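Let's take a look at how some helices pack here, and then at one arginine. Have the model open as you read.

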Amino acid sequence: MKTFSFVFVRHFDLALGAALLFLAGALLAFPAVRKGPALLTRPPLVLFRMVRRMVGTHPGMNRLWLLIFGFNGTVMFLYMASGVRPGIPAAISFLTGYNLAVILLVAGGMEEAGDFSPVSRWKPAKWVAGLCGLAVILLELPCFWYSIAMGIRLGQEVAEGRTGYLEGMAARMDAYGQIILPVLLVSAVCEAIAIRGMSAFPPGDTPIS
């Protein structure tokens with residue numbers, strides 16, 4: 001209960017601020033994609049290509065959810081740990097919203113985007129895939145916002161001399177391991193199911209991974 005309160009009560013206001021920064025970044029992506037120079041959209045697309053190569057073509061279901069969990073679990077921890085100053089995780093929240101929006105707006109039409117749906121004989125019903133997709137949104141984004149919030153608060157405490165960086169990180173690492181990582185694990189499994197449900201493979205037509 002103490003850890004729950006530390007994450008969700010103490011950091012609620014900053015998580016809300018992180019969500020607003022994320023939204024602001026996402027909104028900025030629309031004019032950048034439609035009217036801005038290619039330079040503005042190049043970094044997010046480079047990131048997309050890197051992740052695309054890491055996932056590979058038609059990964060197994062286990063490989064997919066493990067990659068999603070490993071990637072999200074690592075980067076969100078680093079976002080939290082970036083709170084040597086409060087402005088760093090705040091800027092990350094804004095840029096992440098921008099990058100994700102650019103990828104959604106542009107990458108879908110890229111030839112190299114391809115089809116990286118997981119290989120599996122099992123294919124969930126559309127309603128199951130839809131619920132899993134909704135679960136990903138409801139689980140993964142709050143994990144991101146609260147990780148950012150813990151980083152911002154850490155930066156504030158360090159800047160004001162209320163705590164040392166390592167001391168502040170110790171409490172956050174404990175909370176991250178107890179709450180954020182388990183939720184990200186559930187989200188990763190749901191995301192793999194949602195991707196499988198949206199794949200082009202007819203049920204039963206693909207080999208077992």
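## Helices α2 and α5

How close do the axes of helix α2 and helix α5 come, and at what angle do they cross? Keep in mind that this is a predicted model. The two axes come within 7 Å, with a crossing of roughly 40° between α2 (residues 12-34) and α5 (residues 87-106). Since angles from 35 up to 65 degrees are neither roughly parallel nor roughly perpendicular, α2 therefore counts as oblique to α5. As for handedness, α2 and α5 cross in a right-handed way.

Who does the touching? On the α2 side the contact includes Leu21, Phe22, Leu28 and Phe30, and on the α5 side Phe94, Tyr98, Leu100 and Leu105 are among the residues involved. Sorted by class, this contact of α2 with α5 has 18 nonpolar and 4 polar residues, and no charged ones.

## Helices α6 and α7

Now for α6 and α7 (residues 165-197): their axes come within 8 Å and cross at roughly 165°. An angle over 145 degrees counts as roughly antiparallel, so that is how α6 and α7 run relative to each other. Their crossing is left-handed. The α6–α7 contact breaks down into 22 nonpolar, 5 polar and 5 charged residues.

## Arginine 153

Helix α6 (residues 126-159) is also home to arginine 153. Is this arginine buried or exposed? Its relative accessibility is 16%, so arginine 153 counts as buried.

The side chain of arginine 153 makes a polar contact of 3.2 Å with that of aspartate 13. Setting aside neighbours within four places in sequence, arginine 153 also touches Arg10, His11, Leu14 and Arg172, among others.

Notes:
Residues are numbered from 1 along each chain as its sequence is written. This is a predicted model: local features need pLDDT of at least 70, side-chain atom pairs count only at pLDDT 80 or more; totals for chains, interfaces and linings use all residues. Side-chain values use heavy atoms; hydrogens and water are left out. Helices (H or I, at least four residues) and strands (E, at least two) are DSSP runs, numbered from the N terminus. Buried means under 20% relative accessible area, exposed over 50%, partly exposed in between (1.4 Å probe, protein chains only). A polar contact is a pair of N or O atoms within 3.5 Å; within protein, one must be able to donate a hydrogen and the other to accept it, and residues adjacent in sequence count only if both atoms are side-chain atoms. Contact means heavy atoms within 4.5 Å. Axes are lines fitted to C-alpha atoms, for helices over the stretch in contact, and angles run from 0 to 180 degrees between N-to-C directions. Angles under 35 degrees count as roughly parallel, over 145 as roughly antiparallel, 65 to 115 as roughly perpendicular and the rest as oblique. A crossing is left-handed if the near helix is turned anticlockwise from the far one by less than a right angle, and right-handed if clockwise. Ala, Val, Leu, Ile, Met, Phe, Trp, Tyr, Cys and Pro count as nonpolar, Asp, Glu, Lys and Arg as charged, and the others, Gly among them, as polar.
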